[in-house]
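Colleague: Could you take a close look at one part of this model for me, the salt bridges, and then walk me outward to whatever surrounds them? I'd be glad of a connected account rather than a list.

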Amino acid sequence: MDALQTMMTRKSVKSYKSDPVPKELLEKIVAAGLQAPSGLNKQAPIILVVTNKQVRDELSALNMQRDPFHRSDPFYNAPAVLVVLADKSAFTYLYDGSLVMENMLLAAHALGLGGCWIHRAKETFETPQGKALLQKLGIEGDYEGIGNCIVGYPDVAPQEKPRKENRVYYVE
(Lines give C-alpha, C1' and ligand atoms only; values in the text may rest on other atoms or scores of the structure.)
Protein backbone atom coordinates (compact mmCIF):
# COMPACT_ATOMS: atom_id res chain seq x y z
CA MET A 1 0.00 0.00 0.00
CA ASP A 2 1.47 3.39 -0.88
CA ALA A 3 1.58 6.21 1.69
CA LEU A 4 -1.26 8.31 0.26
CA GLN A 5 -3.54 5.31 -0.12
CA THR A 6 -2.76 4.31 3.48
CA MET A 7 -3.65 7.77 4.75
CA MET A 8 -6.84 7.97 2.70
CA THR A 9 -8.18 4.53 3.65
CA ARG A 10 -7.25 4.21 7.35
CA LYS A 11 -10.28 4.17 9.65
CA SER A 12 -10.64 3.64 13.39
CA VAL A 13 -11.45 0.01 14.15
CA LYS A 14 -13.72 -0.59 17.14
CA SER A 15 -14.19 -4.36 17.07
CA TYR A 16 -11.36 -6.90 17.16
CA LYS A 17 -10.80 -10.62 16.96
CA SER A 18 -8.97 -12.06 19.95
CA ASP A 19 -6.17 -13.43 17.73
CA PRO A 20 -2.76 -12.20 18.93
CA VAL A 21 -0.75 -9.87 16.71
CA PRO A 22 2.62 -11.40 15.76
CA LYS A 23 5.55 -9.74 17.50
CA GLU A 24 7.21 -9.01 14.14
CA LEU A 25 4.24 -6.85 13.10
CA LEU A 26 4.20 -5.02 16.44
CA GLU A 27 7.92 -4.33 16.05
CA LYS A 28 7.29 -2.79 12.61
CA ILE A 29 4.50 -0.61 14.01
CA VAL A 30 6.72 0.53 16.89
CA ALA A 31 9.60 1.24 14.51
CA ALA A 32 7.29 3.47 12.45
CA GLY A 33 6.25 5.28 15.62
CA LEU A 34 9.84 5.90 16.61
CA GLN A 35 10.50 7.48 13.21
CA ALA A 36 8.00 10.28 13.88
CA PRO A 37 9.41 13.79 13.86
CA SER A 38 9.96 15.52 17.19
CA GLY A 39 10.69 19.07 18.26
CA LEU A 40 14.43 19.73 18.27
CA ASN A 41 14.83 15.98 17.72
CA LYS A 42 14.34 15.44 21.47
CA GLN A 43 12.58 12.11 20.80
CA ALA A 44 10.65 12.54 24.07
CA PRO A 45 8.00 9.82 23.51
CA ILE A 46 8.35 6.24 24.70
CA ILE A 47 6.11 3.29 23.82
CA LEU A 48 4.86 0.52 26.09
CA VAL A 49 3.94 -2.55 24.03
CA VAL A 50 1.35 -4.40 26.09
CA THR A 51 0.34 -7.88 24.95
CA ASN A 52 0.22 -9.49 28.39
CA LYS A 53 -3.53 -10.06 28.87
CA GLN A 54 -3.46 -9.37 32.60
CA VAL A 55 -1.69 -6.01 32.20
CA ARG A 56 -3.81 -5.15 29.15
CA ASP A 57 -6.98 -5.83 31.15
CA GLU A 58 -5.64 -3.78 34.09
CA LEU A 59 -5.03 -0.83 31.76
CA SER A 60 -8.50 -1.29 30.28
CA ALA A 61 -10.05 -1.24 33.78
CA LEU A 62 -8.12 1.92 34.72
CA ASN A 63 -9.18 3.57 31.47
CA MET A 64 -12.79 2.49 31.95
CA GLN A 65 -12.94 4.26 35.33
CA ARG A 66 -12.53 7.52 33.42
CA ASP A 67 -14.66 6.53 30.40
CA PRO A 68 -17.71 8.82 30.18
CA PHE A 69 -19.44 6.22 27.97
CA HIS A 70 -18.88 3.40 30.49
CA ARG A 71 -17.99 0.77 27.92
CA SER A 72 -17.21 -2.68 29.27
CA ASP A 73 -13.84 -2.60 27.45
CA PRO A 74 -12.65 0.76 26.14
CA PHE A 75 -9.99 -1.16 24.15
CA TYR A 76 -12.70 -2.96 22.12
CA ASN A 77 -11.16 -6.40 22.73
CA ALA A 78 -7.92 -5.47 20.91
CA PRO A 79 -5.17 -7.90 21.94
CA ALA A 80 -2.37 -5.31 21.84
CA VAL A 81 -2.15 -1.84 23.35
CA LEU A 82 0.73 0.42 22.40
CA VAL A 83 0.80 3.15 25.03
CA VAL A 84 2.58 6.35 24.10
CA LEU A 85 3.98 8.43 26.93
CA ALA A 86 6.22 11.46 26.57
CA ASP A 87 8.77 13.18 28.74
CA LYS A 88 7.20 16.47 29.81
CA SER A 89 10.58 18.22 29.93
CA ALA A 90 10.47 18.50 26.12
CA PHE A 91 8.26 21.51 25.38
CA THR A 92 6.76 19.77 22.33
CA TYR A 93 6.10 16.46 24.12
CA LEU A 94 2.35 16.43 23.45
CA TYR A 95 2.78 17.07 19.73
CA ASP A 96 5.68 14.64 19.46
CA GLY A 97 3.63 11.89 21.11
CA SER A 98 0.68 12.63 18.83
CA LEU A 99 2.91 12.15 15.79
CA VAL A 100 4.09 8.80 17.17
CA MET A 101 0.45 7.76 17.56
CA GLU A 102 -0.41 8.71 13.97
CA ASN A 103 2.62 6.92 12.54
CA MET A 104 1.67 3.76 14.42
CA LEU A 105 -1.98 3.92 13.30
CA LEU A 106 -0.88 4.30 9.68
CA ALA A 107 1.66 1.49 9.99
CA ALA A 108 -0.92 -0.86 11.51
CA HIS A 109 -3.28 -0.18 8.61
CA ALA A 110 -0.52 -0.62 6.03
CA LEU A 111 0.23 -4.03 7.58
CA GLY A 112 -3.40 -5.16 7.30
CA LEU A 113 -4.29 -4.59 10.94
CA GLY A 114 -6.83 -2.35 12.57
CA GLY A 115 -6.06 0.37 15.04
CA CYS A 116 -7.71 3.12 17.04
CA TRP A 117 -6.54 5.96 19.26
CA ILE A 118 -8.05 5.55 22.73
CA HIS A 119 -7.77 8.55 25.03
CA ARG A 120 -7.34 8.76 28.78
CA ALA A 121 -3.72 7.56 28.84
CA LYS A 122 -2.88 10.79 30.68
CA GLU A 123 -5.46 10.10 33.36
CA THR A 124 -4.52 6.41 33.58
CA PHE A 125 -0.86 7.13 34.29
CA GLU A 126 -1.70 9.84 36.82
CA THR A 127 -3.29 7.19 39.07
CA PRO A 128 -1.29 5.37 41.75
CA GLN A 129 -1.78 2.12 39.76
CA GLY A 130 -0.50 3.70 36.53
CA LYS A 131 2.51 5.19 38.30
CA ALA A 132 3.21 1.83 39.97
CA LEU A 133 3.19 0.08 36.57
CA LEU A 134 5.76 2.53 35.20
CA GLN A 135 7.90 2.10 38.30
CA LYS A 136 7.65 -1.70 38.01
CA LEU A 137 8.89 -1.41 34.41
CA GLY A 138 11.81 0.76 35.53
CA ILE A 139 10.49 3.86 33.79
CA GLU A 140 11.54 6.94 35.70
CA GLY A 141 10.94 10.56 34.88
CA ASP A 142 8.07 12.95 34.39
CA TYR A 143 6.07 11.15 31.69
CA GLU A 144 2.56 11.98 30.58
CA GLY A 145 0.31 9.51 28.82
CA ILE A 146 -0.46 10.74 25.31
CA GLY A 147 -2.64 7.94 23.95
CA ASN A 148 -3.36 4.24 23.70
CA CYS A 149 -2.95 2.82 20.21
CA ILE A 150 -5.00 -0.36 20.21
CA VAL A 151 -4.04 -2.87 17.51
CA GLY A 152 -5.43 -6.14 16.25
CA TYR A 153 -7.27 -7.95 13.50
CA PRO A 154 -10.59 -6.25 12.72
CA ASP A 155 -13.68 -8.27 13.57
CA VAL A 156 -15.93 -5.88 11.64
CA ALA A 157 -14.80 -3.59 8.83
CA PRO A 158 -15.10 0.08 9.79
CA GLN A 159 -17.63 2.14 7.86
CA GLU A 160 -16.63 5.09 5.70
CA LYS A 161 -17.81 8.36 7.23
CA PRO A 162 -18.19 11.51 5.16
CA ARG A 163 -15.67 14.28 5.69
CA LYS A 164 -17.01 17.66 6.84
CA GLU A 165 -16.98 20.41 4.26
CA ASN A 166 -15.48 23.90 4.48
CA ARG A 167 -12.38 22.88 6.42
CA VAL A 168 -9.75 24.22 4.03
CA TYR A 169 -8.99 27.86 3.32
CA TYR A 170 -6.48 28.85 0.67
CA VAL A 171 -4.48 32.02 1.00
CA GLU A 172 -2.92 32.72 -2.38
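Modeller: Happy to; I'll start with the salt bridges and then move on to the neighbouring parts, the helix packing and a few backbone details.

Please keep in mind that this is a predicted model. The count of salt bridges comes to six. As general background, side chains of opposite charge can pair when their charged atoms come close.

Let's begin with Arg56, which sits in helix α3. Its side chain meets that of Asp73 in a salt bridge, with 2.7 Å from N to O. This pair links distant parts of the chain, since Asp73 belongs to the loop between α3 and β2 and the two residues are 17 apart. Both ends are covered: Asp73 is buried, and so is Arg56. For Arg56 the relative accessible area is 5%, which is under 20%, and therefore the residue counts as buried. Arg56 also forms a salt bridge with Asp57, where the closest N and O atoms are 3.2 Å apart. Asp57 has a relative accessibility of 31%, so this residue counts as partly exposed. Taken together, salt bridges that share partners join Lys53, Arg56, Asp57 and Asp73 into one network.

Ser60 is worth a look here too, as another residue of helix α3. With its neighbours within four places in sequence left aside, Ser60 is in contact with Asp73, Pro74 and Phe75. Asp73 thus turns up both as a contact of Ser60 and as a salt-bridge partner of Arg56. Ser60 is buried because its relative accessible area is just 5%.

The loop between α3 (53-64) and β2 (80-87) also holds Tyr76. Tyr76 has a positive phi of about 50°, although it is not a glycine. That is worth noting because most residues other than glycine have a negative phi. Tyr76 has a relative accessible area of 18%, so it counts as buried. Asn41 also has a positive phi, near 55°, and is again a residue other than glycine. Asn41 is found in the loop between α2 and β1 (45-50). At 55% relative accessibility, Asn41 counts as exposed.

Now to a salt bridge that ties together the two ends of a long stretch of sequence. Lys11 pairs with Glu160, and their closest N and O atoms are 3.4 Å apart. Lys11 lies in the loop between α1 and α2 and Glu160 in the segment after β4, so the pair links distant parts of the chain, 149 residues apart. The two partners are covered to unlike extents: Lys11 counts as buried at 17% relative accessibility, whereas Glu160 is exposed, with a relative accessible area of 59%. Gln159 lies in that segment after β4 (143-152) as well. The C-alpha atoms of Gln159 and Ser12 are 9.0 Å apart in space, while the residues are 147 apart in sequence. Gln159 has 61% relative accessibility, so this residue counts as exposed.

Turning to helix α1 (residues 3-9), we find Met8 there. Met8 has a relative accessible area of 63% and is therefore exposed. Together with Leu4 and Met7, Met8 makes a nonpolar surface patch of about 360 Å².

Next comes the packing of two other helices. In general, two packed helices are described by the angle between their axes and the distance between the axes. For helix α2 (residues 23-34) and helix α4 (residues 93-110), the axes come within 7 Å and cross at roughly 145°. The crossing of α2 and α4 is right-handed. On the α2 side the contact is made by Ile29, Val30, Ala32 and Gly33, and on the α4 side by Val100, Asn103, Met104, Ala107 and Ala108.

Val100 gives us one last distance. Its C-alpha atom is separated by 22 Å from that of Asn52, and the two residues are 48 apart along the chain. Asn52 lies in the loop between β1 and α3. With a relative accessibility of 44%, Asn52 counts as partly exposed.

Key: Residues numbered from 1 in each chain as written. Predicted model: local features only at pLDDT ≥ 70, side-chain atom pairs only at ≥ 80, totals over all residues. Heavy atoms only, no water. Patch = residues over 30% accessible without salt bridge, like charges linked within 9 Å, V, L, I, M, F, W, Y side chains within 5 Å. Areas by Shrake-Rupley, 256 points an atom, 1.4 Å probe, with all protein chains shown as cover. Salt bridge = Lys/Arg side-chain N within 4 Å of Asp/Glu carboxyl O. Helix = DSSP H or I, 4+ residues; strand = E, 2+ residues; numbered from the N terminus. Buried < 20%, exposed > 50% of the residue type's maximum accessible area, 1.4 Å probe, protein only. Axes fitted to C-alpha atoms, helices over the stretch in contact; angles between N-to-C directions. Left-handed = near helix turned anticlockwise from the far one by under 90°. Contact = heavy atoms within 4.5 Å.
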